[in-house]
Amino acid sequence: MFNSKITGLGYYVPDNVVTNDDLSKKMDTNDAWIQERTGIKERRHVKKGDGDTTTTMGVKAAKIAIDRSGIDKNDIDFIVFATLSPDYYFPGPGVLVQRDLGIKTVGALDVRNQCSGFVYALSVADQYIKTGMYKNVLVIGSELHSHGLDMTTRGRGVSVIFGDGAGAAIVSREEDTTKGILSTHLHSEGQHAEELSLIAPGMGKRWVNDILVDNDPNDESYFPYMNGQFVFKNAVVRFSEVIIEGLKANNLEAKDIDMLVPHQANLRISQFIQKKFGLSDYQVFNNIMRYGNTTAASIPIALTEAWEMGKIKSGDLVVLAAFGSGFTWGSVIIRW
Ligand code: UT7
């Protein structure tokens with residue numbers, strides 16, 4: 001048996017900064033409301049025509065992670081790509097990354113677990129490495145939300161929150177099983193699937209043809225929907241549970257955590273978790289102020305920034321935790 005460890009990290013965000021004031025020119029919202037309820041000051045949006053897509057942003061993040069890991073791109077044995085905003089309905093972006101990186105015909109898997117996507121993807125990579133099947137797995141979380149949001153007052157409860165960006169990690173074999181990813185913990189509760197969802201286009205209720213034929217300006221089914229307060233209440237409970245579950249599985253306690261990198265859903269959620277576990281400001285990494293919620297990209301972007309800032313050192317206990325649409329949630333316990 002082996003462990004897996006993160007040997008390279010990278011992120012990419014588009015240059016175009018969109019402030020809360022910028023949004024207030026498009027919809028009835030304001031900087032005070034957004035900051036007070038979410039902590040967000042600005043986010044990045046891909047400018048239409050700039051050429052960035054979920055895949056290209058993922059590739060840019062991946063190139064940095066590959067360089068930093070010191071492996072050759074052809075040493076990658078497998079690709080796992082997490083997103084809810086793929087370039088195409090099918091095929092998924094995993095194969096596009098294989099093509100765009102110009103690497104050999106390794107397997108490419110697409111993960112559809114929204115805000116928990118990177119945690120799920122990391123867990124998949126970890127299992128393949130633990131069993132000895134692969135040595136180096138490229139894990140990407142990338143999202144291009146901005147082109148699909150309702151940028152009118154009708155959509156303000158969702159649209160002010162989400163931003164674009166990508167993060168990537170190279171996960172490699174570690175022979176010392178006291179190091180690297182110690183365990184991963186995944187959960188779902190499909191009972192609440194529609195509480196945070198994008199229903200159309202889909203084969204279930206409304207396919208593209210229906211939308212085009214109806215051409216109904218009041219049709220909201222192709223915009224994301226979120227029952228914000230319900231999601232918030234579930235998030236704080238599930239974040240806490242899954243962090244405790246991960247710590248217990250490794251005979252660890254909250255006081256052992258050196259760095260918690262939570263999914264950047266809402267600064268209030270992170271602050272609630274910080275308080276519950278008695279962690280200092282330094283021990284919880286937040287960047288939602290600058291990027292908003294980038295869903296599957298949020299943890300790898302935050303983890304990369306924390307590492308770049310020297311906040312994660314060899315031997316540290318690093319905890320990743322996520323909650324989101326599905327509902328899905330999960331944690332990753334890492335001895336760095
Ligand atoms: O990443 C996946 C997981 N996602 C989450 O964990 C998100 C969880 N939920 C949340 O973060 C919060 O529920 C939100 C930030 C989405 C919303 O905050 P809230 O405090 O729950 O506000 P609310 O939805 O209850 O809305 C309160 C009021 C409403 O007006 P009335 O009915 O009280 O008159 C909304 O219409 O705020 C209004 N509102 C806004 N006002 C200004 C909603 N969105 C906006 C806006 N600007 N952007």
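**A tour of the interface between domain 1 and domain 2**

Between them, domain 1 and domain 2 bury about 4100 Å², and 63% of that area lies on carbon and sulfur atoms. The model on the screen is predicted, which is worth keeping in mind at each stop.

To set up the view, select residues 3-177 as domain 1 and colour them apart from residues 181-335, which form domain 2. With both selections shown, the C-alpha centres of the two domains can be placed 13 Å apart. Next, restrict the display to the residues in contact across the boundary, where 55 residues of domain 1 meet 53 residues of domain 2.

Now turn to the polar features of this interface, beginning with the one salt bridge that the rule finds between domain 1 and domain 2. Select R68 and E308 and show their side chains, which meet in that salt bridge with an N to O distance of 2.9 Å. If the selection is then widened to polar contacts, the count between the two domains is 21 residue pairs, with both residues at pLDDT 80 or more.

For the last stop, hide domain 2 and look at the side of domain 1 that touches it, to which two or more residues each are given by the strands β1 (3-12), β3 (42-44), β6 (136-143) and β7 (165-174), and by the helices α2 (31-38), α5 (117-130) and α6 (156-159). Select α5 in particular, since this helix gives the most to that side, with nine residues. Colouring the same side of domain 1 by residue class shows 20 nonpolar, 22 polar and 13 charged residues.

Note on methods. Residues are numbered from 1 along each chain as its sequence is written. This is a predicted model: local features need pLDDT of at least 70, side-chain atom pairs count only at pLDDT 80 or more; totals for chains, interfaces and linings use all residues. Side-chain values use heavy atoms; hydrogens and water are left out. Domain bounds come from an automatic or database domain assignment. Contact means heavy atoms within 4.5 Å. Buried area is the accessible area (1.4 Å probe) that two parts lose on being put together, summed over both. A salt bridge is a side-chain nitrogen of Lys or Arg within 4 Å of a carboxyl oxygen of Asp or Glu. A polar contact is a pair of N or O atoms within 3.5 Å; within protein, one must be able to donate a hydrogen and the other to accept it, and residues adjacent in sequence count only if both atoms are side-chain atoms. Helices (H or I, at least four residues) and strands (E, at least two) are DSSP runs, numbered from the N terminus. Ala, Val, Leu, Ile, Met, Phe, Trp, Tyr, Cys and Pro count as nonpolar, Asp, Glu, Lys and Arg as charged, and the others, Gly among them, as polar.
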